[in-house]
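Visitor: I would like to be walked through this structure. Please show it first.

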Amino acid sequence: MDLQFEAIDEDMPGPKWRRVFDRHWHAYSRWFVRDGVRSRPTYFMSLKALRKHMPELLPTYEAIVATAGDGDLEARFLSMWCPPFYVGGCSQAILTGAEPALIRNYDYSPRLLEGTWLASRFNGKRVVAVVDCLWGVLDGINEDGLAVSLSFGGRTAAGQGFGIPVVLRYVLEFASTTAEAVAMLQRIPVHMSYSIAVIDRQGKHATVYVNPDRPAEVVERRVSTNHQHGVEWARHAETTKSVEREAAVEKSLSGSADVERVLSGFLRPPVYQTSYGRGYGTLYTAVYRPLDASVELVWPGSVWRQSCAEFQDEVRIIRFNDGDSGGFAPTFKQGAVSS
């Protein structure tokens, strides 16, 4: 299986973003209405929620919807208000000290990854992010050096709220510091449980547990996997090795840990996962460096570096081959440069 990652530099939604939309909309629309179109909030409900909780984002949302063709279903989906329930993996580590950093593994099925790496300037601030749901954020950084990433919180609770990718988009568009990001995460409702890692250029950091059924909580943790205070969904934690991954990352942070040492641990089991057929394989490792607002996407044997200051359009292909574990083992090959 070949998995495409495409880096796109486009300040405002335009033809490049529209090509991404056209490529993925069929799959996204089927997922969005899998429980019936009436199970999803109306456009007016979605617009009302955005206007109430993230009003500064409305012009961007309207531009995105217009570029997508101004359809009703498209507008409802792109608001990310009360989307269907979905489950992922992920490991995260916040590094403090002379070189603050955020390192994360994104664990998911290769068949479901969008693979868009977008550099934009929707609201005057340069944002570089790996995208989900076409314009939301899985992880990213802005020109002020604020970096964020998400991991599933390991709970089955669901409620009225936004899909977390649009919340992280809002954070990167309008926050410059960890304190500002935390304030946003504490007040915006989310529809599922997540652990959000945040660090800024000054090294100020936080892990925020957001949930649909209880207030957001800021904790003194620098590591997060797929449980919060403790395991609540035992089957998911066992399948994804959430506790084992947490212990391994904690160990790599002990002592005088530097970025390269911690990164090496993210590229080895149990943190690096290869159960791709079951939807829990590591699709990429991201290293965010707030001091120069740069990011590296890393695979074993390959590093792809971009930054808010210098970002180039490009396509790269990661090939997932059958491995001895019964899953897939990734190998790297470069694709053609995007037009």
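**Two helices and their contact**

Guide: This is a predicted model. The axes of helix α5 (residues 164-174) and helix α6 (residues 178-187) come within 10 Å and cross at roughly 150°.

Visitor: Are α5 and α6 roughly parallel or roughly antiparallel?

Guide: The two axes cross at roughly 150°. Angles over 145 degrees count as roughly antiparallel. Therefore α5 is, relative to α6, roughly antiparallel.

Visitor: Is the crossing of α5 and α6 left-handed or right-handed?

Guide: The angle alone does not settle this. For α5 and α6 the crossing is right-handed.

Visitor: How do the residues of the contact of α5 with α6 divide into nonpolar, polar and charged?

Guide: From α5 come V167, L168, Y170, V171 and F174, and from α6 come E180, A181, M184, L185 and R187. Glu and Arg count as charged. The division is eight nonpolar, no polar and two charged.

Visitor: Against which helices do the buried residues of α3 pack?

Guide: Helix α3 covers residues 58-67, and its buried residues are L58, T60, Y61, I64, V65 and T67. Just after α3, G69 has a positive phi of about 110°. The partners of the buried residues of α3 are α1 (15-32), α2 (43-53) and α4 (72-79).

Visitor: Over which residues does pLDDT stay under 50?

Guide: The protein chain has a mean pLDDT of 93, with 94% of its residues at 70 or more. Where pLDDT is low, the predicted coordinates should not be read in detail. The model has 13 contacts beyond four places in sequence for the stretch under 50, which is residues 322-328.

Conventions
Residues are numbered from 1 along each chain as its sequence is written. This is a predicted model: local features need pLDDT of at least 70, side-chain atom pairs count only at pLDDT 80 or more; totals for chains, interfaces and linings use all residues. Side-chain values use heavy atoms; hydrogens and water are left out. pLDDT is the predictor's confidence in each residue, from 0 to 100. Contact means heavy atoms within 4.5 Å. Buried means under 20% relative accessible area, exposed over 50%, partly exposed in between (1.4 Å probe, protein chains only). Helices (H or I, at least four residues) and strands (E, at least two) are DSSP runs, numbered from the N terminus. Axes are lines fitted to C-alpha atoms, for helices over the stretch in contact, and angles run from 0 to 180 degrees between N-to-C directions. Angles under 35 degrees count as roughly parallel, over 145 as roughly antiparallel, 65 to 115 as roughly perpendicular and the rest as oblique. A crossing is left-handed if the near helix is turned anticlockwise from the far one by less than a right angle, and right-handed if clockwise.
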